[in-house]
Amino acid sequence: MNREEALQILKQNLRNRNLVNHCIATEVVMKRLAQHFGEDEAKWALAGLLHDIDYEETKDDPERHSAVGAEMLEQMGLPQDIVYAVKVHNERHGLPRLSLMDKALYATDPTTGLIVAGALIKPEKKLSAIDVDFLIKRMKEKSFARGANRDQIRSCEELGLSLEEFLGLSLEAMQGAADELGL
């Protein structure tokens with residue numbers, strides 16, 4: 001499956017533009033992380049793009065979220081490592097994150113929300129208006145971007161990356177896609 005096909009399928013399943021943008025943000029960060037680790041960029045990007053494909057269907061039943069999505073991706077014939085990474089990004093399933101891709105997707109998911117929230121509180125409402133120091137400062141504020149699980153973001157250490165390195169790679173990736181993200 002190529003990116004255009006994946007994006008079309010995603011948009012068929014997610015009507016909310018903010019959710020689609022979240023998936024695109026996760027896609028570009030995953031691709032950047034794959035570059036950093038010398039992994040398969042297309043595969044990691046696809047995992048990021050499709051990770052919340054079931055969200056509108058399962059948003060009121062978090063126990064089903066990502067299990068339904070993984071099943072959908074499996075039926076579409078996506079590689080098993082992508083299917084598993086999508087499934088384990090929801091910690092409610094209690095499954096171990098085994099591969100670098102699993103760990104990267106888990107840490108990236110809330111990070112994109114934190115970065116978007118950071119951009120949106122700036123007068124410019126642009127990703128270019130924020131930096132890593134700003135994000136680290138904001139992470140310490142419990143009232144800021146409440147939905148962005150700080151422990152999940154800090155799990156970037158499982159990848160061998162410091163919080164600063166991880167946020168730097170993530171922000172760089174999202175700034176590179178600012179036009180598509182509308183930020």
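Helices in this text are DSSP runs of H or I with at least four residues, numbered from the N terminus. With that in hand, keep in mind that what you're looking at is a predicted model. Let's start out in a loop: Gly147 sits between α8 (132-139) and α9 (150-154). Buried or exposed, this Gly147? Its relative accessible area is 75%, and anything over 50% counts as exposed, so Gly147 is exposed. For a sense of distance, pick Lys43, 104 residues away from Gly147 along the chain: the two C-alpha atoms are 27 Å apart.

Now head inside. The largest nonpolar core has 63 residues, and the members touching the most others are Leu10, Leu114 and Leu127. Helix α2 (residues 17-37) supplies the largest share of this core, with 10 residues. Click on Leu127 and look at who surrounds it. Leaving out residues up to four places away in sequence, Leu127 touches Ile115, Ala119, Leu171, Met174, Gln175, Ala178, Leu181 and Leu183.

Helix α2 also holds a charged-looking name worth a click, Glu27. The relative accessible area of Glu27 is just 6%, and since under 20% means buried, Glu27 is buried. Which side chain does Glu27 join through a polar contact of 2.7 Å? That partner is the side chain of Arg3. Beyond residues up to four places away in sequence, Glu27 touches Arg3 along with Ala45, Gly48 and Leu49.

Next up is helix α5, residues 67-75, where Val68, Gly69, Ala70, Met72 and Leu73 are buried. The cover over those buried residues includes α1 (3-13), α3 (41-50), α4 (55-58) and α6 (80-88). The backbone does something to note on either side of this helix. In the loop between α4 and α5 you'll find Ser66, which has a positive phi of about 80° despite not being a glycine. Ser66 is buried, with a relative accessible area of 0%. Just after α5, Gly77 has a positive phi too, about 85°.

From α6, step across to α7. These two helices pack at an angle of about 35°, with axes 9 Å apart. On the α6 side, the contact is made by Asp81, Ile82, Tyr84, Ala85, Val86 and Val88, and on the α7 side by Met101, Asp102, Leu105 and Tyr106. The crossing of α6 and α7 is right-handed.

Stay on α7 (residues 100-120) and turn to α10 (residues 163-176): here the packing angle is about 65° and the axes are 10 Å apart. Angles of 65 to 115 degrees count as roughly perpendicular, so that is how α7 sits relative to α10. Their crossing is right-handed. Where do they meet? Ala107, Thr108, Thr111, Thr112, Leu114, Ile115 and Val116 in α7 face Phe166, Leu167, Ser170, Leu171 and Met174 in α10 in this contact. Some of these names are familiar by now: Leu114 is one of the core residues touching the most other members, while Ile115, Leu171 and Met174 are among the residues touched by Leu127.

One last stop follows α7. Lys125, in the loop between α7 and α8, is a residue other than glycine whose phi is positive, near 55°. Lys125 is partly exposed, with a relative accessible area of 44%.

Note on methods
Residues numbered from 1 in each chain as written. Predicted model: local features only at pLDDT ≥ 70, side-chain atom pairs only at ≥ 80, totals over all residues. Heavy atoms only, no water. Core = buried A, V, L, I, M, F, W, Y, C linked by side-chain atoms within 4.5 Å. Buried < 20%, exposed > 50% of the residue type's maximum accessible area, 1.4 Å probe, protein only. Contact = heavy atoms within 4.5 Å. Polar contact = N/O pair within 3.5 Å; in protein donor to acceptor, adjacent residues only side chain to side chain. Axes fitted to C-alpha atoms, helices over the stretch in contact; angles between N-to-C directions. Parallel < 35°, antiparallel > 145°, perpendicular 65-115°, else oblique. Left-handed = near helix turned anticlockwise from the far one by under 90°.
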